[in-house]
Amino acid sequence: MLNRELFGQRLKGLRLQKGISQTALAKDLGITPTQISDMEKGKTTTSLDRLVLICQILDTSADYLLGLRDTPKDEQSGT
């Protein structure tokens, strides 16, 4: 089962690491900053389509955001 809190923590951590504001990320995803905030707080999740975009924007794997892996990228292939 998806751990929404972990997803939110990782989303926020990567976003801050990249220096991207909630507003900028929301604009890139076509949603509101409030929706980003709700995801980061573990209140909501996102669609698969947006998950792919988030991964591309934050240069990470979905496995990491979903808590299936402990590192943001596959260290062997760099993805």
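This report covers the core, one helix pair and several individual residues of the structure above. The model is predicted.

**Core**

The largest nonpolar core holds 16 residues. Within this core, Leu11, Ile36 and Leu65 touch the most other members. Five helices feed the core with at least two residues each: α1 (4-17), α2 (22-29), α3 (33-40), α4 (48-58) and α5 (62-65). The largest share comes from α4, with 4 residues.

Take Leu11. Beyond its neighbours within four places in sequence, Leu11 is in contact with Leu25, Met39, Glu40, Ile54, Leu58 and Leu65. Leu65 is itself one of the three residues that touch the most other core members.

**Helix pair α2 and α4**

The axes of α2 and α4 lie 10 Å apart, and the packing angle is about 130°. The two helices are therefore oblique to each other. Their crossing is right-handed. On the α2 side, the meeting residues are Leu25, Asp28 and Leu29. On the α4 side, they are Arg50, Leu53, Ile54 and Ile57. By class, this contact has 5 nonpolar and 2 charged residues, with no polar ones. An α-helix has 3.6 residues a turn, so residues three or four places apart point the same way.

Two of these residues were met above: Leu25 and Ile54 are also contacts of Leu11.

**Helix α3 and what follows**

In α3, the buried residues are Ile36, Ser37, Asp38, Met39 and Glu40. Their cover includes α1 and α2. Ile36 also appears among the three residues with the most contacts to other core members. Met39 and Glu40 both touch Leu11. After α3 comes Gly42, with a positive phi near 80°.

**Single residues**

Four residues are set out by place and accessibility.

| Residue | Place | Relative accessibility | Class |
|---|---|---|---|
| Arg15 | helix α1 | 6% | buried |
| Ser61 | loop between α4 and α5 | 12% | buried |
| Thr45 | loop between α3 and α4 | 33% | partly exposed |
| Asp59 | loop between α4 and α5 | 38% | partly exposed |

Which residues does Arg15 touch, not counting those up to four places away in sequence? They are Ile20, Ser21, Gln22, Leu25, Ile36, Glu40 and Leu58. Arg15 counts as buried because its relative accessibility is 6%, and the cut-off for buried is under 20%. Leu25, Glu40 and Leu58 are contacts of Leu11 too.

Ser61 sits in the loop between α4 and α5. With residues up to four places away in sequence left out, Ser61 touches Cys55, Arg69, Thr71 and Pro72. At 12% relative accessibility, Ser61 counts as buried.

Asp59 lies in the loop between α4 and α5. Asp59 is not a glycine, yet its phi is positive, at about 55°. At 38% relative accessibility, Asp59 is partly exposed.

Thr45 belongs to the loop between α3 and α4. Its contacts beyond four places in sequence are Leu2, Arg4 and Met39. Met39 is one of the buried residues of α3. Thr45 is 12 residues from Pro33 in sequence, and the two lie 14 Å apart, C-alpha to C-alpha. At 33% relative accessibility, Thr45 is partly exposed.

Notes. Residues are numbered from 1 along each chain as its sequence is written. This is a predicted model: local features need pLDDT of at least 70, side-chain atom pairs count only at pLDDT 80 or more; totals for chains, interfaces and linings use all residues. Side-chain values use heavy atoms; hydrogens and water are left out. A nonpolar core is a set of buried Ala, Val, Leu, Ile, Met, Phe, Trp, Tyr and Cys residues joined through side-chain atoms within 4.5 Å. Buried means under 20% relative accessible area, exposed over 50%, partly exposed in between (1.4 Å probe, protein chains only). Contact means heavy atoms within 4.5 Å. Axes are lines fitted to C-alpha atoms, for helices over the stretch in contact, and angles run from 0 to 180 degrees between N-to-C directions. Angles under 35 degrees count as roughly parallel, over 145 as roughly antiparallel, 65 to 115 as roughly perpendicular and the rest as oblique. A crossing is left-handed if the near helix is turned anticlockwise from the far one by less than a right angle, and right-handed if clockwise. Ala, Val, Leu, Ile, Met, Phe, Trp, Tyr, Cys and Pro count as nonpolar, Asp, Glu, Lys and Arg as charged, and the others, Gly among them, as polar.
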